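Here are a few short exercises to work through with the model open on your screen. Try each one before you read the solution.

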Amino acid sequence: MTQLGWGLLFLGLMAMAEGLRKGNDLLNVCMDAKHHKFQPGPEDNLYNQCSPWKKRACCTANTSIAAHGNPSSLYRFNYNHCGMMTPACRRHFIQDTCFYQCSPNLGPWIQPVTSCCRKERVLNVPLCKEDCIQWWEDCQTSYTCRDNWHTGWNRTSGINECPANATCHPFPFYFPTPASLCENIFSHSYKVSSFGRGSGKCMQISFDPAQGNPNEAVAKYYAFGSAPGIFSWKASFPFLILTLLLLLWA
């Protein structure tokens with residue numbers, strides 16, 4: 001092989017090795033936030049809706065208990081800010097909190113952020129379409145006064161209250177579609193996927209632990225195949241083709 005061929009082969013292999021390292025760094029990680037553990041590990045006593053993550057969790061048992069409170073001691077957030085939220089609707093918000101606090105599979109979507117409560121957040125996590133649709137349908141008769149729950153609250157009492165110029169309406173007033181709910185309510189933490197459960201290409205905020213955690217495979221898919229700015233086999237393929245051509249030519 002020519003010197004050029006060896007050089008290209010070396011560069012291709014280096015790109016693949018670096019890509020694999022970066023991909024692995026995105027798996028089995030906890031974000032740097034107020035109530036997250038430093039690294040995932042077993043938690044035998046996770047509470048209720050958080051229990052599916054007990055084999056490998058970024059949350060502690062105490063965090064899982066707090067996730068079910070209202071207002072939760074995690075962020076002093078009152079879900080009944082416009083009257084009593086229905087149990088079916090509330091269940092989705094508990095599940096969202098468990099997913100956010102406990103999942104070790106969010107690495108491909110973790111982004112740095114400047115905040116009093118965290119140094120990292122998730123952005124555009126591909127949420128399975130069924131999860132979003134069911135969430136929206138179950139909250140049809142509950143009320144809120146904000147279309148983004150991250151900002152704009154009156155917190156003078158210590159918990160969130162509707163600001164003076166906000167009016168309580170049923171969820172569809174502020175969230176007319178499933179996507180508007182799932183994508184806007186937490187500042188685009190989620191992006192509704194066109195894929196469904198079982199596809200291996202979208203994240204489930206709930207799952208049956210007896211069947212294993214389906215989000216592990218999804219995180220690997222995005223870490224090694226599709227996440228922007230990181231290693232992809234597609235990106236390395238031209239290196240390999242060019243190297244083979246040079247080998248044949250030599």
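**Exercise 1.** Find where Asn-124 sits, then work out its backbone and its exposure.

*Solution.* Start with the location: Asn-124 belongs to the loop that runs between strand 2 (120-122) and strand 3 (125-127). Keep in mind that this is a predicted model. Next, check the backbone: phi of Asn-124 is positive, about 60 degrees, even though the residue isn't a glycine. Finally, exposure: the relative accessible area of Asn-124 is 34%, so it's partly exposed, as buried would need under 20% and exposed over 50%.

**Exercise 2.** Is Ser-187 buried or exposed?

*Solution.* Look in the loop between helix 6 (178-184) and strand 6 (190-192), where you'll find Ser-187. Its phi is also positive, near 55 degrees, and it's not a glycine. With a relative accessible area of 16%, Ser-187 is buried.

**Exercise 3.** Classify the ring pair of Tyr-79 and Trp-149, and say which parts of the chain it ties together.

*Solution.* The whole structure has 20 aromatic pairs. In this one, the Tyr-79 and Trp-149 rings are 6.0 Å apart centre to centre, with 55 degrees between the planes, so the pair is tilted. Tyr-79 comes from the loop between helix 2 (61-66) and helix 3 (87-102), and Trp-149 from the loop between strand 4 (143-144) and strand 5 (169-170), so the pair ties together parts 70 residues apart in sequence. Tyr-79 is buried at 8% relative accessibility, and Trp-149 is buried at 4%. Trp-149 also pairs edge-to-face with Trp-153, at 6.3 Å centre to centre and 70 degrees between the planes.

Note on methods: Residues are numbered from 1 along each chain as its sequence is written. This is a predicted model: local features need pLDDT of at least 70, side-chain atom pairs count only at pLDDT 80 or more; totals for chains, interfaces and linings use all residues. Side-chain values use heavy atoms; hydrogens and water are left out. Rings of Phe, Tyr and Trp (its six-membered ring) pair if their centres lie within 6.5 Å; planes under 30 degrees apart count as stacked, over 60 as edge-to-face and the rest as tilted. Helices (H or I, at least four residues) and strands (E, at least two) are DSSP runs, numbered from the N terminus. Buried means under 20% relative accessible area, exposed over 50%, partly exposed in between (1.4 Å probe, protein chains only).
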